[in-house]
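Colleague: Got a minute? I'd like to go through the charged pairs in this one.
Modeller: Sure, let me pull it up.

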Amino acid sequence: MCIHDAACKQTAVAEFIHGHPLHRSVAEHPALVGIADIAWADIAGCPADVPAVFAGLLDRSSCAEALRVLQIVLHDGTFRLSVAMPRALPFLIRLGSDPTVPGRVDVAEWVLLIAFLSLPVTEDSSSFEVMLSGLDSDRPERAECRTVFAEHVDHCRTLLRDDDPSEKLISNQDFDALLEAAEQPGQTASC
């Protein structure tokens, strides 16, 4: 399984910024309001310059690379969300629901994957699910992501385009799974 450690994440962000220096400042985009106010470096394993990578999603020439880098930063491995994901998820949901974002479809598909990876995994889950994702008791970021989905259901609904079926980003079945993740109650981890 691919593991993304803090050094790997820092290197990916630094290389992105070096290759796309114009994205050092966060773009003035409604979907990114508040992103610079988050102390990203205070989140375990998260690079401080995450906002610059998010800004890269708004530029057609860098959006694919920005998405790749964010996927490294916001996942601890292929099937495991990082502790930074709940803080980043509101921005991803808003970007995925905004038709002006160049990589909107890819961001929306990632949001759907995050919803699936946020579904509860308990002692009653299959041993395969537990092996891939870990138990909710060990991975509280999943419950935190479910809370974020519940808080942003209206934005999540815009991931579906009913007015033009050829533009539909997510199938109704997949969208139902996204809402199922949102309806799972978030639980606060006890410290």
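Colleague: So how many salt bridges does the structure hold?
Modeller: There are 4, where a salt bridge is a side-chain nitrogen of Lys or Arg within 4 Å of a carboxyl oxygen of Asp or Glu. Bear in mind this is a predicted model, where local features need pLDDT of at least 70, side-chain atom pairs count only at pLDDT 80 or more, and totals for chains, interfaces and linings use all residues. Residues are numbered from 1 along each chain as its sequence is written, and side-chain values use heavy atoms, with hydrogens and water left out.

Colleague: Which residue does Lys9 meet in a salt bridge?
Modeller: Asp76, at 2.8 Å from N to O. Lys9 sits in helix 1 (residues 6-19) and Asp76 in strand 1 (residues 75-77), 67 residues apart. Helices (H or I, at least four residues) and strands (E, at least two) are DSSP runs, numbered from the N terminus.

Colleague: Is Lys9 buried or exposed?
Modeller: Buried, at 3% relative accessible area; the cut-offs are under 20% for buried, over 50% for exposed and partly exposed in between, with a 1.4 Å probe and protein chains only. Asp76 is partly exposed at 23%.

Colleague: What network is Asp76 linked into?
Modeller: A network of salt bridges with Lys9, Arg139 and Glu141. Asp76 and Arg139 meet at 3.1 Å, N to O. Arg139 lies in the loop between helix 6 (127-133) and helix 7 (141-151), so this pair ties together parts 63 residues apart in sequence.

Colleague: Switching topic, where do Arg68 and Glu65 lie?
Modeller: Both are in helix 3 (residues 63-73), 3 residues apart, about one turn of the helix. Their side chains form a salt bridge at 2.7 Å, N to O.
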